[in-house]
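Please look through the sequence and the model below before reading on. The paragraphs that follow begin at the bound ligand and move outward from there.

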Amino acid sequence: MTHITRREALGGAAALIAAGPAIATPPAGSLEQIAKGRGLRFGTAVAWHTIQPEGAKGVKGGNPAYARLIADQCGVIVPENEMKWQWLRPTPTSFAFERFDAIVAWAAQHGIAVRGHNLLWHQPKWFPAWLNAYDFGTDPHAEGERLLTTHIRTILARYGTRIRSYDVVNEAVRPSDGALYDTSLSRAIGGAEPTLDLAFHTARAAAPQAQLVYNDYMSWEPHNEAHRAGVLRLLEGFRRRGTPVDALGIQSHLITQGSAIGATIARQQGAWRRFLDAVTAMGYDLIITELDVRDNGLPADIVLRDRAVADYTRGYLDITLAYRQIRDVLCWGLADRYSWIEGFEPRSDGSRRRPTLYDDALRPKPMRAAVAAALAAAAPR
Ligand code: G3I
């Protein structure tokens with residue numbers, strides 16, 4: 001997208017002015033209904049335990065009200081963890097499909113689509129311990145290829161027609177310098193690029209109809225310059241080598257940096273548009289895959305904090321949804337109590353994070369209204 005309209009050029013500031021009344025009176029209907037009206041889909045990540053019946057044997061945290069909320073609001077879900085190697089591959093020779101299967105079955109029961117996340121999270125930190133320590137034997141190249149292709153083919157043979165969009169590779173670029181991570185697998189195969197290429201080629205051959213996505217968290221906030229540049233280099237390389245990649249997943253784990261939301265957006269939007277322009281100029285589609293907000297630099301006061309988070313989200317979505325290459329908007333959890341953020345990065349003042357659309361009692365927050373308004377305002381696809 002090279003042509004920028006006056007409204008887009010005014011960007012964040014204009015978006016925020018527009019956001020005021022829209023947030024006060026959110027458009028009617030579920031988020032999926034609102035999204036659908038614009039040719040979009042709305043969804044969320046789902047953790048297996050949250051959709052289990054209350055009091056189910058051996059399950060902590062089953063919450064039928066939360067499951068109902070997801071079913072009511074979403075047209076697509078993605079397993080938060082259950083498809084990752086760490087969950088799915090207890091050993092080099094086995095697959096533990098039960099929880100992943102249960103999520104897919106639950107989605108089918110409710111008429112909801114499923115995205116796949118992910119076939120290869122290419123960082124040692126997120127490999128199962130056995131894979132980091134794996135003995136690739138006398139022909140590491142052949143054994144590395146066998147391990148990776150068997151993993152991908154086994155999953156796609158099971159879900160190739162049911163799941164139409166996969167994060168084939170997740171977070172392969174090092175944010176600090178934009179280089180690619182090395183892993184036990186890439187050392188065996190002979191480099192990170194051939195490893196990622198092999199993942200995509202294998203996925204395309206096994207599920208020719210599926211949308212194949214490279215997913216990462218390079219964001220629009222400061223200090224993401226090297227990460228964005230690294231992702232662009234990776235995407236250029238995919239095109240040059242004819243690697244079958246259809247879309248970039250923009251995770252959208254947003255981070256506020258104080259209460260001056262309009263000024264922050266005004267400062268960040270130019271670099272963000274240049275990045276998305278470069279990605280789409282290469283012919284890639286886009287997906288918002290993991291939207292949530294870390295409420296950094298905001299007061300503990302819940303009313304002020306929620307309002308700032310909502311404004312920041314609205315400004316981001318207005319700018320980003322202007323790219324019609326986006327057809328899917330997924331959050332990384334719908335309610336604060338199920339967000340990963342509290343466990344990974346608590347607030348320094350001790351108050352609980354409020355990173356999602358619904359509060360602990362599953363009441364809609366201003367961020368929910370902001371997402372609804374942004375979806376309603378998006379240009380039709
Ligand atoms: O299941 C165990 C539980 O038995 C144990 O009591 C508990 C104690 O720490 O750990 C539980 O596992 C944790 C799991 O989340 C479930 O809560 C793991 O330690 C923890 O590493 C895992 O974190 C997940 C993380 O990815 C790593 O896989 C988060 O839930 C998940 O939200 C997060 O998702 C990632 C995306 O896949 C990629 N993009 C970034 C995003 C957020 O970090």
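**From the ligand outward**

In this predicted model, a polar side-chain atom of Glu-171 lies 2.8 Å from a nitrogen atom of the ligand. Taken alone, the ligand would expose 800 Å², and the protein buries 55% of that area. Oxygen atoms of the ligand are approached as well: a polar side-chain atom of Lys-84 lies 2.7 Å from a ligand oxygen, and an N or O atom in the side chain of His-117 is likewise placed 2.7 Å from an oxygen atom of the ligand. In total, 15 residues surround the ligand, and the closest of them are Glu-80, Lys-84, His-117, Glu-171 and Glu-290. The site that holds the ligand is the largest pocket.

Of these neighbours, His-117 is a useful one to follow into the protein. His-117 belongs to strand 4, and with a relative accessibility of 2% it counts as buried, because the cut-off for that term is under 20%. Besides facing the ligand with a polar atom at 2.7 Å, the side chain of His-117 makes a polar contact of 2.9 Å with the side chain of Asp-167. A further polar contact, of 3.4 Å, joins the side chains of His-117 and Asn-118, and Asn-118 is also found in strand 4. The peptide bond that leads from His-117 to Asn-118 is cis, with omega near -10 degrees. Most peptide bonds are trans, and most residues other than glycine have a negative phi.

Asp-167 has another polar partner in Arg-115, whose side chain comes to 2.8 Å from the side chain of Asp-167. Arg-115 is found in the loop between strand 3 (113-114) and strand 4 (116-121), and it is buried, with a relative accessible area of 1%. The side chain of Arg-115 also makes a polar contact of 3.0 Å with the side chain of Ser-165. Ser-165 is part of strand 5 (residues 165-170) and is itself buried, at a relative accessible area of 4%. From Ser-165 one can step to a distant part of the sequence, since the C-alpha atoms of Ser-165 and Gln-209 are 8.9 Å apart while the two residues are separated by 44 residues along the chain.

Two loop residues deserve attention for their backbone geometry. Ser-252, in the loop between strand 7 (247-250) and strand 8 (253-255), has a phi near 70 degrees, which is a positive value in a residue other than glycine. Leu-362, in the loop between helix 13 (341-344) and helix 14 (366-377), has a phi near 65 degrees, again a positive value in a residue other than glycine. Ser-252 counts as buried at 3% relative accessibility, and Leu-362 counts as buried at 17%.

The last element on this path is helix 12, which covers residues 302-320. Its 19 residues reach 26 Å from the first C-alpha to the last, close to the 27 Å expected at 1.5 Å a residue. At the start of helix 12, a side-chain oxygen of Asp-301 reaches to within 3.1 Å of the backbone nitrogen of Val-303. Because 15 of its 19 residues are buried, helix 12 is largely enclosed by the rest of the structure.

How values were computed. Residues numbered from 1 in each chain as written. Predicted model: local features only at pLDDT ≥ 70, side-chain atom pairs only at ≥ 80, totals over all residues. Heavy atoms only, no water. Helix = DSSP H or I, 4+ residues; strand = E, 2+ residues; numbered from the N terminus. Expected span 1.5 Å × (residues − 1). Buried < 20%, exposed > 50% of the residue type's maximum accessible area, 1.4 Å probe, protein only. Polar contact = N/O pair within 3.5 Å; in protein donor to acceptor, adjacent residues only side chain to side chain. Near = heavy atom within 4 Å. Areas by Shrake-Rupley, 256 points an atom, 1.4 Å probe, with all protein chains shown as cover. 1 Å grid on protein atoms, 1.4 Å probe; cavity = no way out; pocket = protein on both sides within 12 Å on 5 of 7 lines; lining within 4 Å. Sits in = over half its atoms within 2 Å of the grid points.
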